[in-house]
Amino acid sequence: MVSEVGPLLKHWRSARRLSQLALAAEAAVSIRHLCFLETGRANPSRAMVLKLAEVLDVPLRERNTLLLKAGFAPEYPESELDAPSLAAVRDALDTILTQQEPFPALVMDRSWDIRHTNAAARRFFAFLQDGQAKTAPGPANVLRRMFHPDGVRRHVANWPDVAEALVRRARREAIGGVADERAQRILDEVLDYPGVPASLRSLDAATPVLPIVPIRYVHGGRRFDFFSTVTTLGTPQDVTLQELRIECFFPMNDETRLHARQLAEAAQL
């Protein structure tokens with residue numbers, strides 16, 4: 001019986017742009033054995049699957065897939081974020097988000113769904129949506145919020161640049177990975193929204209982009225200029241935790257700092 005894990009191992013090696021010789025050297029296995037594994041002429045042990053996955057820096061969710069294809073049970077749990085075992089992580093996330101006040105911060109998963117926000121993010125996006133009868137459809141999602149006509153798109157002064165950067169980022173994060181069907185469905189969905197340029201569908205994700213893309217919101221006579229940073233949790237051993245992204249927004253000028261503080265003060269009245 002031909003092993004099902006071989007093609008996946010070859011996929012990841014190709015995605016990481018490693019030759020069989022280079023991978024064999026890094027994993028301390030013979031190139032002959034690696035060739036047999038990729039072609040299905042040999043079945044890897046559980047330890048070998050995990051070793052190759054580590055060298056190839058395969059995400060935890062896909063490491064579980066490799067194990068299953070090789071006939072083994074998954075290694076890494078996928079916990080609910082509100083599970084008791086993740087209480088310490090939730091406390092850490094709350095601390096990070098609180099420290100970002102009075103500027104927005106949020107936690108999202110690999111599908112760009114917003115899992116948690118600080119009070120500043122809730123204030124700010126409520127301010128942007130004030131007076132609008134409709135909002136973006138479905139659960140709170142960064143891509144839907146930015147691309148849908150009823151989201152915050154109308155308030156982003158440099159929306160074409162931000163939209164392009166988001167699409168590149170979404171595709172770049174998926175490079176080398178087994179496609180996340182939900183994330184791909186959402187990306188396809190938002191690219192079909194009215195007013196979204198067709199050219200965004202053909203962007204080359206590998207093209208270098210600026211490390212910081214400002215986002216400029218204008219609403220109610222106020223302007224907010226932010227840049228953001230994205231943080232991940234270090235060396236997680238849980239699928240859910242590895243896929244979390246913490247995005248913090250920082251003011252680019254004194255005007256933005258003043259307006260953010262004014263929103264916070266108004267919320268306390």
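**Exercise 1. Place helix H7 in its surroundings: which elements do the buried residues of H7 pack against?**

Step 1. The buried residues of H7 pack against E1, E2, H8, E3, E4 and H12. Here helices (H or I, at least four residues) and strands (E, at least two) are DSSP runs, numbered from the N terminus. Contact means heavy atoms within 4.5 Å.

Step 2. A word on the model before going on. This is a predicted model, in which local features need pLDDT of at least 70 and side-chain atom pairs count only at pLDDT 80 or more, while totals for chains, interfaces and linings use all residues. Residues are numbered from 1 along each chain as its sequence is written, and side-chain values use heavy atoms, with hydrogens and water left out.

Step 3. Now list the residues. In H7, Ala120, Ala121, Phe124, Phe125, Phe127, Leu128 and Gln129 are buried; buried means under 20% relative accessible area, exposed over 50%, and partly exposed in between (1.4 Å probe, protein chains only).

Step 4. Look just past the helix: Gly131 follows H7 and has a positive phi, near 90°.

**Exercise 2. Describe the largest nonpolar core: which residues touch the most other members?**

Step 1. Start from the term: a nonpolar core is a set of buried Ala, Val, Leu, Ile, Met, Phe, Trp, Tyr and Cys residues joined through side-chain atoms within 4.5 Å.

Step 2. The largest such core has 37 residues, and Met146, Phe147 and Tyr217 touch the most other members. At least two residues each come from E1, H7, helix H8 (142-147), helix H9 (159-174), helix H10 (181-191), strand E3 (215-219), E4 and H12. H9 supplies the largest share, six residues.

Step 3. Zoom in on Phe147. Leaving aside neighbours within four places in sequence, its contacts include Trp159, Leu166, Val190 and Leu200.

Step 4. A second, separate core has 22 residues, among them Leu23, Ala24, Val29 and Ala42.

**Exercise 3. Characterise the cavities: how many of 30 Å³ or more does the structure hold?**

Step 1. The structure holds two. On a 1 Å grid over the protein atoms alone, a cavity is a set of points where a 1.4 Å probe fits but cannot get out, and lining residues have an atom within 4 Å of a point. A volume is the space filled by probe spheres set on the points, which are joined across faces, edges and corners.

Step 2. The largest cavity holds about 40 Å³ of space. Its lining includes Pro102, Phe124, Phe226 and Leu263, and H7 gives the most to this lining, with three residues.

Step 3. Sort that lining by type: eight nonpolar, no polar and one charged. Ala, Val, Leu, Ile, Met, Phe, Trp, Tyr, Cys and Pro count as nonpolar, Asp, Glu, Lys and Arg as charged, and the others, Gly among them, as polar.

Step 4. The second largest cavity has a volume of about 30 Å³. Two nonpolar, no polar and five charged residues make up its lining, with Met108, Asp109, Trp112 and Arg245 among them.

**Exercise 4. Classify Asp109: is it buried or exposed?**

Step 1. Locate the residue: Asp109 sits in the loop between strand E1 (105-108) and strand E2 (114-117).

Step 2. Asp109 counts as buried because its relative accessibility is 15%.

Step 3. Check its partners. A polar atom of the Asp109 side chain lies 3.0 Å from the backbone nitrogen of Asp113. Not counting residues up to four places away in sequence, Asp109 touches Arg115 and Glu243.

Notes
On a 1 Å grid over the protein atoms alone, a cavity is a set of points where a 1.4 Å probe fits but cannot get out, and a pocket is an open set with protein on both sides within 12 Å along at least five of seven lines; lining residues have an atom within 4 Å of a point. A polar contact is a pair of N or O atoms within 3.5 Å; within protein, one must be able to donate a hydrogen and the other to accept it, and residues adjacent in sequence count only if both atoms are side-chain atoms.
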